[in-house]
Amino acid sequence: MDTSFSLVVATDQNRGIGKNGDLPWRLKKDMQYFKDITTNTVDRQKQNAVIMGRTTWDSIPTKFRPLPNRHNIVLTRNKDFDLNSSQTTSANSIDSALTIAKELNAENVYIIGGGNIYNQCIDMMNCKKIYITEVDNSFECDTFFPEFKSTFQLIKSSEIINEGNDQYQFNVYERININ
Ligand SMILES: NC(=O)c1ccc[n+]([C@@H]2O[C@H](COP(=O)([O-])OP(=O)(O)OC[C@H]3O[C@@H](n4cnc5c(N)ncnc54)[C@H](OP(=O)(O)O)[C@@H]3O)[C@@H](O)[C@H]2O)c1
């Protein structure tokens, strides 16, 4: 499967991303950033695709899903899983999710978690970029983002955002090309 995609994630200092099936934090400006990155397109006729694991789908409150103005694709191996949404597609493998995104003519494809899915994607060569919010704090977590800094390089870094007791940055990493 040759469809390129990016990962979108927020991590703490220890690459923690989740706790008890939910996010360990509430960061409003990060939620807005996530929405902007995953929704905005150059071609107004097109939408982006967001691919996520079933547990991440479950973690989104019913009233907020599917994520609006994006093609939502949920990964599950359960053939009987009821998405309860006609605007959302399920896929039983990452390749199949990428094929669906291509068939939907998505402008960009974003894989938005969770830990299980990031772990399977990080070494795929068509995983080109990581949009990562790096929170300069440490939280109690039970789900983690994989190590990536030996195979990806920082290409963009925002100013430091202050929100409550938290400080964070919106960073973009790109896969280092090995020819
Ligand atoms: N900080 C962040 O940016 C961020 C982003 C997203 C999520 N999270 C957090 O991460 C946690 C969830 O992550 P998680 O690792 O527990 O679960 P997950 O990655 O969201 O979903 C795992 C599920 O996806 C399905 N799946 C996995 N690989 C598949 C494959 N190759 N083909 C088809 N289906 C596949 C399976 O569903 P079935 O069991 O239905 O078969 C599996 O149980 C939550 O705490 C969430 O809040 C954090």
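Here is a short tour of this predicted model, with three stops to select in your viewer.

**Stop one: the ligand**

Start by selecting the ligand and showing what sits around it. You should find 28 residues surrounding the ligand, and the closest of them are G18, G53, T55, G113 and G114. Now colour by secondary structure: strand 1 (5-11), strand 2 (16-18), helix 2 (54-59) and helix 4 (115-121) are the elements that each give two or more residues to this shell. What classes of residue make up the shell around the ligand? Polar residues account for 16, nonpolar residues for nine and charged residues for three.

**Stop two: R70**

Next, click on R70, which you'll find in strand 4 (residues 70-75). Is R70 buried or exposed? R70 counts as buried because there are 20 C-beta neighbours inside 10 Å, and 20 or more is the cut-off for that label. Leaving out residues up to four places away in sequence, R70 touches T38, T39, Q47, N48, A49 and V50, so pick those and show their side chains next to R70. While you're there, add A106 to the selection: A106 is 36 residues from R70 in sequence, with 8.7 Å between their C-alpha atoms.

**Stop three: strand 9 and its partner**

Finally, select residues 152-157, which form strand 9. How many of the six residues in strand 9 are buried? The count is zero, and the strand is hardly covered. Bring in strand 11 (residues 166-175) as well: strand 9 and strand 11 run antiparallel and are joined by five bridges. To see one of these pairings up close, zoom in on Q153, whose bridge partner in strand 11 is E174.

Conventions: Residues numbered from 1 in each chain as written. Predicted model: local features only at pLDDT ≥ 70, side-chain atom pairs only at ≥ 80, totals over all residues. Buried ≥ 20, exposed ≤ 12 C-beta atoms within 10 Å, placed from the backbone. Helix = DSSP H or I, 4+ residues; strand = E, 2+ residues; numbered from the N terminus. Pairing = 2+ DSSP bridges. Contact = placed C-beta atoms within 7 Å. Near = placed C-beta within 6 Å. Nonpolar A, V, L, I, M, F, W, Y, C, P; charged D, E, K, R; others polar.
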